[in-house]
Amino acid sequence: MKHEVVGELEKILGKERVSTEIADLYVYGFDASIHHVTPDAVVRPANAQQVSEIVKLANRTETPIVPRGAGTAMCGHTVPVKGGIIVDMTQMNKIKELRVEDLYCVVEPGVIYDKLNAELSKRGFWFPATPGSGEACTIGGMVATNASGMRAIKYGATRDYVLGLEVVLPTGEIIHTGTRTLKNSSGYQLDRLMVGSEGTLGIITEITMRFTMKPKASGMTVAAFKSLKDAGQCVSNIIAKPLLPSAIELMDSVCIKAINKCMNIGLPDCEALCMIEVDGHPVAVEEEMVTVEEICKSTGAVSTEKSRDKKKIDEWTQARKAIMPSLSRYGEKFVSVALADDMSVPISRIPEAVVAFQKIAEENGVVVGTYGHSADGNLHTKMLVEPYSRESWKAGEKAVGMIYDKVLELGGTVTGEHGVAITKAPYMQKERADSLGAMRAIKHALDPKNIMNPGKIFDWEGSIIYELRYPAFLEPSCSSTPCNQCDNEH
Ligand code: MLT
Ligand code: ZN
């Protein structure tokens with residue numbers, strides 16, 4: 001990055017909102033993915049006008065620019081692979097309007113998901129997208145990735161709640177998309193294009209979003225199965241009944257063992273289990289829980305336990321949320337990493353998918369934990385790799401390719417909720433082969449100098465195990481230069 005850019009940033013924002021401190025640059029090089037690249041500068045704007053000035057400067061000087069919320073992205077969305085400026089949006093964190101009578105609110109991008117829900121909840125409403133990182137992730141980041149979580153089957157994803165956006169385009173121009181009304185057929189739905197664009201088309205500076213009523217009651221059933229296939233079949237049987245649960249979380253024995261080891265919660269020691277949540281009017285919840293139990297038993301559940309007690313439901317939900325960190329303690333030499341981590345398949349193909357994932361893991365000698373928001377077909381796999389072993393990463397990468405090939409064969413997608421960025425890029429490019437040209441044309445029309453989050457999605461070339469946060473390829477002969485970029489033997 002050109003040296004004078006920092007001085008200009010300081011003029012726009014004041015010195016206190018710009019950092020080139022080595023420690024800041026280092027930490028802003030991470031998100032929750034396996035990747036790391038150090039940026040050249042970090043800025044923390046306070047309003048849309050400042051964002052616009054920063055972007056104009058980046059455009060004029062052709063400096064890469066990467067917007068960032070809480071950094072909970074799992075595929076490298078905020079890792080600045082081409083260097084440049086990280087724009088930390090967390091200082092823009094006000095709820096500007098909250099209108100229950102109109103069913104919408106207007107928020108800045110740095111508002112944290114759980115904080116927004118705490119405000120909505122006081123009034124009997126919620127934004128039910130339920131990302132696993134809800135305590136930390138920002139609404140701006142959720143919009144940028146079309147994030148969701150366990151309740152998407154009933155309540156949809158972030159895209160379904162966005163009514164309008166204020167966006168700073170790559171030229172620095174500020175535009176407003178969408179409306180404050182619940183319906184809108186007014187021209188191209190540019191907000192729909194921006195949702196899920198992962199910071200490649202502009203920087204979101206304000207979000208107008210709808211919300212919905214909180215259910216009066218909920219209940220959860222935990223059903224244990226003797227095979228992962230039976231558990232997968234149970235998901236499909238519940239949906240086809242027809243019955244609309246608010247969530248079905250499936251997990252395999254690797255995940256169950258990891259949770260029991262870390263949390264001492266005593267989940268049934270079985271091959272697979274489903275946590276099935278229903279919500280709504282208390283009478284409906286009671287009835288649906290009876291139906292759910294019948295379906296679980298007729299699909300081969302070896303045990304079921306159900307509860308309408310909030311404390312118990314929270315305990316089970318916390319156990320589910322703890323899968324990812326718990327997997328890192330599954331075996332001493334392993335860390336759990338986000339590779340092939342959030343594919344979606346048609347619901348009826350879940351049994352086939354989960355059995356195939358297990359087989360692929362075995363064939364490649366890797367340990368894989370499979371779990372996920374199975375009610376809508378969204379599955380997570382986490383690979384347990386030895387972080388400093390080149391062979392372990394290579395085996396993981398091979399398994400990833402095979403898993404995604406299976407997902408595509410089953411009519412699925414490589415990412416249901418986390419997005420593409422780096423870690424999914426080669427596989428998404430395969431999935432979307434015939435529309436990559438159209439995506440590139442849109443990108444080029446809005447960002448001809450390619451300054452906004454460059455090197456991601458259709459722009460990433462090569463393997464996903466480069467730019468790693470782990471010095472797996474660091475060999476003694478090149479100890480001063482981590483060989484993340486280099487595929488040579490040393
Ligand atoms: C979740 O479901 O908790 C999140 O998507 C993170 C993950 O486990 O991959
Ligand atoms: Zn998830």
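**Exercise 1.** At what angle do helix H8 (residues 228-240) and helix H10 (residues 282-298) pack, and how far apart are their axes?

Solution. The model is predicted, with pLDDT of at least 70 needed for local features and pLDDT 80 or more for side-chain atom pairs, while totals for chains, interfaces and linings use all residues. Residues are numbered from 1 along each chain as its sequence is written, chains are lettered from A and ligands numbered from 1 in the order in which they are written, and side-chain values use heavy atoms, without hydrogens and water.

Step 1. Helices (H or I, at least four residues) and strands (E, at least two) are DSSP runs numbered from the N terminus. Axes are lines fitted to C-alpha atoms, for helices over the stretch in contact, and angles run from 0 to 180 degrees between N-to-C directions.

Step 2. For H8 and H10 the angle is about 140 degrees and the axes are 9 Å apart.

Step 3. Angles under 35 degrees count as roughly parallel, over 145 as roughly antiparallel, 65 to 115 as roughly perpendicular and the rest as oblique. H8 and H10 are therefore oblique to each other.

**Exercise 2.** Classify the packing of helix H13 (residues 350-363) and helix H14 (residues 390-409).

Solution. Step 1. The two helices pack at about 160 degrees, and their axes are 10 Å apart.

Step 2. By the classes above, H13 and H14 are therefore roughly antiparallel to each other.

**Exercise 3.** Locate Pro242 and Glu198 and describe their backbone.

Solution. Step 1. Pro242 sits in the loop between H8 and strand E13 (247-252). The peptide bond from Lys241 to Pro242 is cis, its omega near 10 degrees.

Step 2. Glu198 belongs to the loop between helix H7 (190-194) and strand E10 (203-210). Glu198 is not a glycine, yet has a positive phi of about 55 degrees.

**Exercise 4.** Describe the surroundings of ligand 1.

Solution. Step 1. The residues around ligand 1 (a heavy atom within 4 Å) are Met74, Gly132, Arg320, Tyr371, His373, His380, Lys382, Glu417 and His418.

Step 2. Strand E17 (367-373) and strand E18 (380-385) each supply at least two residues of this shell.

Step 3. Polar contacts are pairs of N or O atoms within 3.5 Å. An oxygen atom of ligand 1 lies 2.8 Å from a side-chain N or O atom of Lys382. For His380 the corresponding distance to a ligand 1 oxygen atom is 3.0 Å, and for His373 the distance is 3.1 Å.

Step 4. The protein covers 90% of the 260 Å² of accessible area (Shrake-Rupley method, 1.4 Å probe) that ligand 1 has on its own.

Methods:
Polar contact = N/O pair within 3.5 Å; in protein donor to acceptor, adjacent residues only side chain to side chain.
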